[in-house]
Amino acid sequence: GVAGGLTPLSKLPACNILLLGAQRRTLSGFSSTSVLPHTGFIYHSDIVQSLPPDLRRKAARLVAAKCTLAARVDSFHESQDGKVGYELKEEIERKFDKWQEPPPVKQVKPLPAPLDGQRKKRGGRRYRKMKERLGLTEIRKQANRMSFGEIEEDAYQEDLGFSLGHLGKAGSGRVRQTQVNEATKARISKTLQRTLQKQSVVYGGKSTIRDRSSGTASSVAFTPLQGLEIVNPQAAEKKVAEANQKYFSSMAEFLKVKGDKSGV
């Protein structure tokens, strides 16, 4: 044959067996090109031509590799009944069927749940004060509020369409009001509310810090930021008493006195 016999065929690599039988056409003095490069007997065989055009070159390389193995088996006369040839053919057909299978349908998987838990929100007195400082005031809320279906009066002649909203209109209610964050107000129980109500009726209320009561008594003071605040009424007096006892007590004495150098 073209290879020169079974023994020379068994010595050829698969890439050279693939080129056996390649046809060339010669143009008149210009160049010599093949009709289809790297195509020979194997490429034009029935087993390769039965596949779609996009798989034929890949199939030709596979068949050439299996033909090389079959030629080497035949050259050594190891398979007299042709069992190896049938196994190689079944392997080729199995791969051809695998190549022509439709691709699997991609399943849309939901994103996995994040491993980290809920982040801790910043809190504390400094954060509350910052929110109160940067929060919307009542004046800004009234200025942002507008009535639909009514002709607004322009605040400036050069900025048409800029108005003050409900600010300054009749019936707008309170314009200036202390900005209090409702979420940061101290919450008290109903029992404490009833107790405070009784004290306000019987004793006239206890809203001052300095009160004639024992040191364990507490006073409830109303502040614009925290709402209700529980304060020890005698904390300041106790601090002053401790300072006086340290420096001005009758038992106190000087630790070191400098002597008079003049001897008087």
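**Exercise 1. Ile47 and its surroundings**

Task: Determine whether Ile47 is buried, partly exposed or exposed, and establish which residues Ile47 touches beyond those up to four places away in sequence.

Solution: Ile47 has a relative accessible area of 30%, and it is therefore classed as partly exposed. The model examined here is a predicted one, and within this model Ile47 is placed in helix α3. Once residues up to four places away in sequence are set aside, Ile47 touches Val63, Ile92 and Phe96. As a further step, consider Glu93, which lies 46 residues from Ile47 along the chain, while the C-alpha atoms of the two residues are separated by 8.9 Å.

**Exercise 2. The overall layout of the chain**

Task: Describe how many helices and strands the chain has, in what order the elements run from the N terminus on, and what percentage of the residues count as buried.

Solution: Begin with the count, which gives nine helices and four strands. Next, follow the elements from the N terminus on, which yields the order α-α-β-β-α-α-α-α-α-α-β-β-α. Then turn to burial: the chain has 264 residues, and 15% of them count as buried. The accessible surface of the chain comes to about 22,600 Å², and carbon and sulfur atoms contribute 55% of that surface. Finally, among the contacts in the chain with a separation of 6 or more, 40% are accounted for by residues 24 or more positions apart.

**Exercise 3. A threonine in a loop**

Task: Locate Thr39 relative to β2 and α3, decide whether Thr39 is buried or exposed, and list its contacts outside the neighbours within four places in sequence.

Solution: Thr39 belongs to the loop that runs between β2 (32-34) and α3 (46-49). Because its relative accessible area is 5%, Thr39 is buried, the limit for that class being under 20%. When the neighbours within four places in sequence are left aside, the contacts of Thr39 are with Leu18, Gly21, Ala22, Gln23, His44 and Arg57.

**Exercise 4. The salt bridges**

Task: State how many salt bridges the structure holds, and work out which residues are linked in a network of salt bridges.

Solution: The structure holds three salt bridges, and they can be taken in turn. In one of them Glu91 pairs with Lys66, with the closest N and O atoms 3.2 Å apart. This pair links distant parts of the chain, since Glu91 sits in helix α5 (residues 83-99) and Lys66 in helix α4 (residues 56-75), with their positions 25 residues apart. Glu91 counts as partly exposed because its relative accessibility is 24%, whereas Lys66, at 14%, counts as buried.

Another salt bridge joins Lys95 to Glu91, where the closest N and O atoms are 4.0 Å apart. Lys95 and Glu91 are four residues apart in helix α5, so about one helical turn separates them. Lys95 is partly exposed, as its relative accessible area of 34% shows. Taking these two pairs together, Lys66, Glu91 and Lys95 are linked in a network of salt bridges.

A further salt bridge is made by the side chains of Lys98 and Glu101, at 3.8 Å from N to O. Lys98 is exposed, with a relative accessible area of 56%, while Glu101, at 47%, is partly exposed. As background to the whole exercise, side chains of opposite charge can pair when their charged atoms come close.

**Exercise 5. Patches on the surface**

Task: Identify which residues form the positive patch, which form the negative patch, and which make the nonpolar patch.

Solution: For the positive surface patch, the residues are Arg122, Arg125, Arg126 and Lys129. Of these, Lys129 can be placed in helix α6 (residues 125-134), and its relative accessibility of 35% is why Lys129 counts as partly exposed. For the negative surface patch, the residues are Glu87, Glu90, Glu93 and Asp97, and Asp97 is found in helix α5.

The nonpolar surface patch, with an area of about 280 Å², is made by Tyr127, Met130 and Leu134. Met130 lies in helix α6, and because its relative accessibility is 32%, Met130 counts as partly exposed. Helix α6 thus holds Lys129 from the positive patch and Met130 from the nonpolar patch.

How values were computed: Residues numbered from 1 in each chain as written. Predicted model: local features only at pLDDT ≥ 70, side-chain atom pairs only at ≥ 80, totals over all residues. Heavy atoms only, no water. Patch = residues over 30% accessible without salt bridge, like charges linked within 9 Å, V, L, I, M, F, W, Y side chains within 5 Å. Areas by Shrake-Rupley, 256 points an atom, 1.4 Å probe, with all protein chains shown as cover. Lys, Arg positive; Asp, Glu negative; His and termini not counted. Charge placed at Lys NZ, Arg CZ, Asp CG, Glu CD. Helix = DSSP H or I, 4+ residues; strand = E, 2+ residues; numbered from the N terminus. Buried < 20%, exposed > 50% of the residue type's maximum accessible area, 1.4 Å probe, protein only. Contact = heavy atoms within 4.5 Å.
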